[in-house]
Every structure is written in C-alpha cells, then in structure tokens.
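Biologist: Could you take me through one part of this model at close range? I would like to hear about the aromatic rings that pair up, and about the strands and the core that go with them.

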Amino acid sequence: MHSFLHSPVLCLVLFFLCLFAIPSFCVETYKIEGKLVPSLTIKDVSQLEPTTKIILDGGKYSALIRKNGKFVIEDVPQGSYLLEISSKKFIYPKIRVDVDSEGVRPFVTIIGSEWSNTGPSLQYPLELPARSASEYFMVRDGFSIASLFANPYIIMMGFSVLLLFIMPKMMANMDPDALKELQENQAQNPLAEMPDISTTLANFMSGGNNNANAERRRN
C-alpha cells in the first residue's frame, strides 16, 4: 500500500486531476435577479401562470417566477446574454444582460442592431412590465356595407342594373334614322343582342334630335 501511494503513475494522475479541477472551482459566477411588475396590461402579477419562466441564453440558464413576481437565476458566469420571459398570456420585452467583473448590467435590446451596440441601460435588479397581452387568433372583421362597394362583382352588378334603367331612356331619345339602322343591323346579325354602347352614348350626348333635324334640312 505504501509503495502504491508513491507510484509515479498515480502521482501523475492526481496532478492532472487537480490541474483540471481547480479552475472549475475558481470560476466566479453571479446571480441575475429581478421582478415582473404590474402594468397597464396586467394589474396584478398573480395573474401570471405558474409556468412563466425567465430564460437566459436560449434556455441554458432559467428560473421560474415566485408568487410575488420575483426571480433569481443562480450561477451565471461572465458573458453577454439575452434574457427572455416565456409567458402564455403576456408579452415581455427582451433584455440584454452583460455579466462581468463590474457586476450585472442590463440594457434595452435594439431590434435590427448589431449585438455590439448596446441600447439604453436599465436599473438593476430588473423590474420588467408586460408589454401587451398575447393574441393567438386573428380577429375576424365584422360585416360592413362599405366592403360591398369594394367588391368588383357588386360594382359590375350595380352597373348592369343602372344600364337597365338608362338604356330605355337613351333609346327613346335616339335619332330615328340611327334607331332604324340599329334595328336593321340587329336583324342581319341576331347575335348582336346589345347595341353598341359607345355609339349610343355618343349619339345621346351629342343630341340625336339636333342631328336628325340638320339632316332633314340638308335633304
């Protein structure tokens, strides 16, 4: 037994074990603490579900909230982390947390900005209010009369109904010669059930009776 303890191989193994074990005990860790506070969205933190979780570094470190809304994440080494609140009912802002020899320093995250650019600093321990309530379903728009007039099919139907009332009046005010010519064209071409609207409108707007009187005077 005495000779085994003095074995060079055993001493070498113990030396390497100590070499790798000592740094792990010397790593300085910190704790990140804060509180979820009431806001316009949530009047009382007791409304939060018990499964509400504080997530750090994508879930590498996490902690559940207490009944009073407080939370503590233990044994966090130095580094820069993104703190998120996982809640089914409410949406919370994402916070950047830098942990170094100076302590814990939280910052507002800036969407679309580089990670090297820190936003405005926040007080510590953290006090985080809910930004808004979570909405998982789109609210269906109710019936609106205005939406009917935006429908192209409704517009086409309305234009067709309008023509039913306007066309008889336009036909009555047409030049008799033009009307006779139109009737002859329809007789020769049975497929032409509807008159040429552009020609009819042109005759109506230019005054078909005046053109007819002028034609009779020339004759």
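**A ring pair and its strands**

Modeller: Happy to! Let me begin with one strand: β5 and strand β7 (residues 95–100) run antiparallel and are joined by five bridges. Within this pairing, Gly79 stands opposite Val99 of β7. Please keep in mind that this is a predicted model.

β5 also pairs with strand β2 (residues 53–56): four bridges join them, and these two strands run antiparallel. Here Leu56 has Leu83 in β5 as its bridge partner.

Now to the rings you asked about. Searching the whole structure turns up one aromatic pair. The ring centres of Tyr61 and Tyr81 are 6.1 Å apart, and their planes stand at 85 degrees, so the pair counts as edge-to-face; the cut-off for that label is over 60 degrees. Where do Tyr61 and Tyr81 lie? Tyr61 belongs to strand β3 (residues 61–64) and Tyr81 to strand β5 (residues 79–86), so the pair ties together parts 20 residues apart in sequence. Both Tyr61 and Tyr81 are buried.

Another ring has a charged neighbour: Arg96 lies over the face of Trp115, 4.5 Å from the ring centre.

Next, the core. The largest nonpolar core has 26 residues, and Ile32, Leu36, Leu83 and Tyr92 are those that touch the most other members. Leu83 is the residue we met as the bridge partner of Leu56. The elements giving two or more residues to this core are β1 (29–37), β2, β3, β4 (70–77), β5, β7 and β9 (126–129).

Ile32 is worth a look of its own. Setting aside neighbours within four places in sequence, Ile32 is in contact with Leu56 and Leu83, which are the bridge partners from before. Its other contacts are Phe71, Val72, Ile73, Val76, Val97, Val99, Val104 and Tyr124. Val99 there is the residue that Gly79 stands opposite.

Finally, let me step back to the whole protein, which has seven helices and 10 strands. Of its 219 residues, 25% count as buried. Among contacts between residues at least 6 apart in sequence, 57% join residues at least 24 apart. The accessible surface comes to about 16,400 Å², and 61% of that belongs to carbon and sulfur atoms.

Terms used
Residues numbered from 1 in each chain as written. Predicted model: local features only at pLDDT ≥ 70, side-chain atom pairs only at ≥ 80, totals over all residues. Heavy atoms only, no water. Phe/Tyr/Trp six-rings, centres within 6.5 Å; stacked < 30°, edge-to-face > 60°. Buried < 20%, exposed > 50% of the residue type's maximum accessible area, 1.4 Å probe, protein only. Lys NZ or Arg CZ within 6 Å of the ring centre and 35° of its normal. Pairing = 2+ DSSP bridges. Contact = heavy atoms within 4.5 Å. Areas by Shrake-Rupley, 256 points an atom, 1.4 Å probe, with all protein chains shown as cover. Core = buried A, V, L, I, M, F, W, Y, C linked by side-chain atoms within 4.5 Å.
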